[in-house]
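Open the model in your viewer and keep the sequence panel beside it. This tour moves from one selection to the next.

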Amino acid sequence: MTNHDKDTRRPTTERPSSELPSSERLGTERLGTDDDLFIRMEHALGLGVINQGLWRFDGRLDPDVLSALATRLRYGRLSRLARRRPPPVRDRWQYTPAAGMTHFEDEPVAEDDAVAWARRQAERGVDSVAGPAWRLTAAYSADRRTTFVSLIAAHAVADGWSMVTAVEEAVLGTDYAVTTERVGALDDVVDGVRTAARAALAAGRLIAGTVRSRRGPTPTGPVRPPGLIAEDPCGILLSIPADDYARAFARAQGSANALFVAIMVGLLAEAGIVGPDDVVPVSIPVSMHPDGDRRANATTGTTAQIRVSDDRYHDLTAIRVACKEAYRSVHAGTSSMGHLSQVAQALGDRPVRRLAANGSTPMCLASNLGELSPEFCSLGSGLDAEIAVRAFTGRPAGTADFGGGVSGWFGVGPRAIGLAVTSLDPRLAADDAALAVLVRAELKRWELEASEWGE
């Protein structure tokens, strides 16, 4: 194993904030409410969410390429750990090269073991407080003709946009100024007072009932088959030819996103979880990051209400309209969840656990990353790769009672559409093979064929 964990070289273009001109210096970076949400899931509820990027390269990736990438990642936006503070003071970010780890495995990966290898990388774990917050791993296939790469990161330190941006910045050698300012007691006092005030205001609005929940109605269709309890998280990785995918949504007067949402709803129908004419609340993450944003998490959620109708297979118009309505609602005002997050940030972990007692995971989540950049897809290697990105929690039993369904992540790579599907509920499918049957049956309805990682 080639291990680069002790490589602490600073790229020559990097300057800590203490070396920047006063006009460019960065103040103390506190966690936002979105960051805090994932910290609490990880450390209060024991349900840490992990983001994972996966690459399958045609060819042998030089270990020096991985080492150079890792060195730049160590001094980028991923390499931060949360320093917990007593409530109502907000936690703060501390940047440190020690937040990440990387290695190039000596043990080859059998082609039919690709999905299991990817899962093993996630199972190695990340910790946004104690570290490592991210891990970069690579391995060759058994025939030495393919290179597999995995990047996992705690969702608390990077949402999908932040993880993709961190890789792009590392490949391009973009400077990322880190904060090194010491935090004084007065700063904590001021922050605590302000956080408590925001929480009190948010609590008042919740009690007054001025904010309506955006959560849609729960479908009343067939109940999922009993007895299907997965021992491991179920997930599959697929590559769909981009031209075939474009023809499929064009035939149905749709768009790439509308077809993606339709496929995710179709999986629930295939599983018998929803029936004809049920309305499925499809959770759609929407990035709120402007260019150059430093925030770890700035993703809001909206919900598209999708009716289960066979009409969708030849006309995606209704789904396109429902998605557009959902996107318009993003700027309609702060949701009840947003106010609740402000309240939770001022509380300790114990009361947050009580607040989350009646929590739930989405019945259907569809996260569209759009077209991924050449820098992200190639990792600066000059090689073509199939790509996949996904987010999940590594404890299936921990989400069994949260009422979830399926989670899908969609990204457009240079060679194909990358589609990752993960079960949010271990009762949805008994194993990866059972989940693959559901996905392939739905794709067949759209006249789509996909190659599955591990075939």
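Begin with helix α6, residues 242-251: Tyr-245, Ala-248 and Phe-249 are its buried residues. Buried means under 20% relative accessible area, exposed over 50%, and partly exposed in between, with a 1.4 Å probe and protein chains only. Because these three span an arc of only 90 degrees around the axis, they sit on the same side of α6. That arc is taken from the directions running from the helix axis to the C-beta atoms. An α-helix has 3.6 residues a turn, so residues three or four places apart point the same way.

A note on the ground rules. This is a predicted model, where local features need pLDDT of at least 70 and side-chain atom pairs count only at pLDDT 80 or more, while totals for chains, interfaces and linings use all residues. Numbering starts from 1 along each chain as its sequence is written, and side-chain values use heavy atoms, with hydrogens and water left out. Helices (H or I, at least four residues) and strands (E, at least two) are DSSP runs, numbered from the N terminus.

Now show what surrounds α6. The cover over its buried residues includes β8, α7, β13 and β14. Step just past the helix to Gln-253, in the loop between α6 and α7. Its phi is near 50 degrees, a positive value in a residue other than glycine. Gln-253 counts as partly exposed because its relative accessibility is 44%.

Select the sheet next. It is open, with seven strands in the order β10-β9-β11-β13-β14-β8-β15 and mixed pairing. Its edge strands are β10 (299-307) and β15 (451-452), each pairing on one side only. Two strands pair if DSSP finds at least two bridges between them.

Zoom in on β8. Six of its seven residues are buried. β8 and β14 are antiparallel over seven bridges, and Ile-236 has Val-421 as its bridge partner in β14. On β15, the pairing with β8 (residues 235-241) is antiparallel over two bridges. There, Leu-238 is partnered by Glu-452, and Ser-239 stands opposite Ser-451.

Add the helices on the sheet. Helix α12 (residues 432-445) packs on it and touches β8, β14 and β15; its direction makes about 30 degrees with that of β8. Helix α7 (residues 256-270) lies across β9, β10, β11, β13 and β14, at about 155 degrees to β11. Axes are lines fitted to C-alpha atoms, for helices over the stretch in contact, and angles run from 0 to 180 degrees between N-to-C directions. Contact means heavy atoms within 4.5 Å.

After α7, stop at Asp-277, in the loop between α7 and β9. Here too phi is positive, near 70 degrees, in a residue other than glycine.

Which residues does Ser-162 touch? Select Ser-162 in helix α4 (residues 160-172). Not counting residues up to four places away in sequence, Ser-162 touches Arg-77, His-289, Arg-295 and Ala-296. A polar atom of the Ser-162 side chain lies 3.1 Å from the backbone oxygen of Arg-295. Ser-162 is buried, at a relative accessible area of 1%.

Two cis peptide bonds come next. One runs from Pro-87 to Pro-88, with omega near 10 degrees; Pro-88 is in the loop between β3 (80-83) and β4 (92-95). Another joins Gly-131 and Pro-132, with omega about -5 degrees.

Finally, zoom out. The protein has twelve helices and 15 strands, and 52% of its 455 residues are buried.

Notes: Polar contact = N/O pair within 3.5 Å; in protein donor to acceptor, adjacent residues only side chain to side chain.
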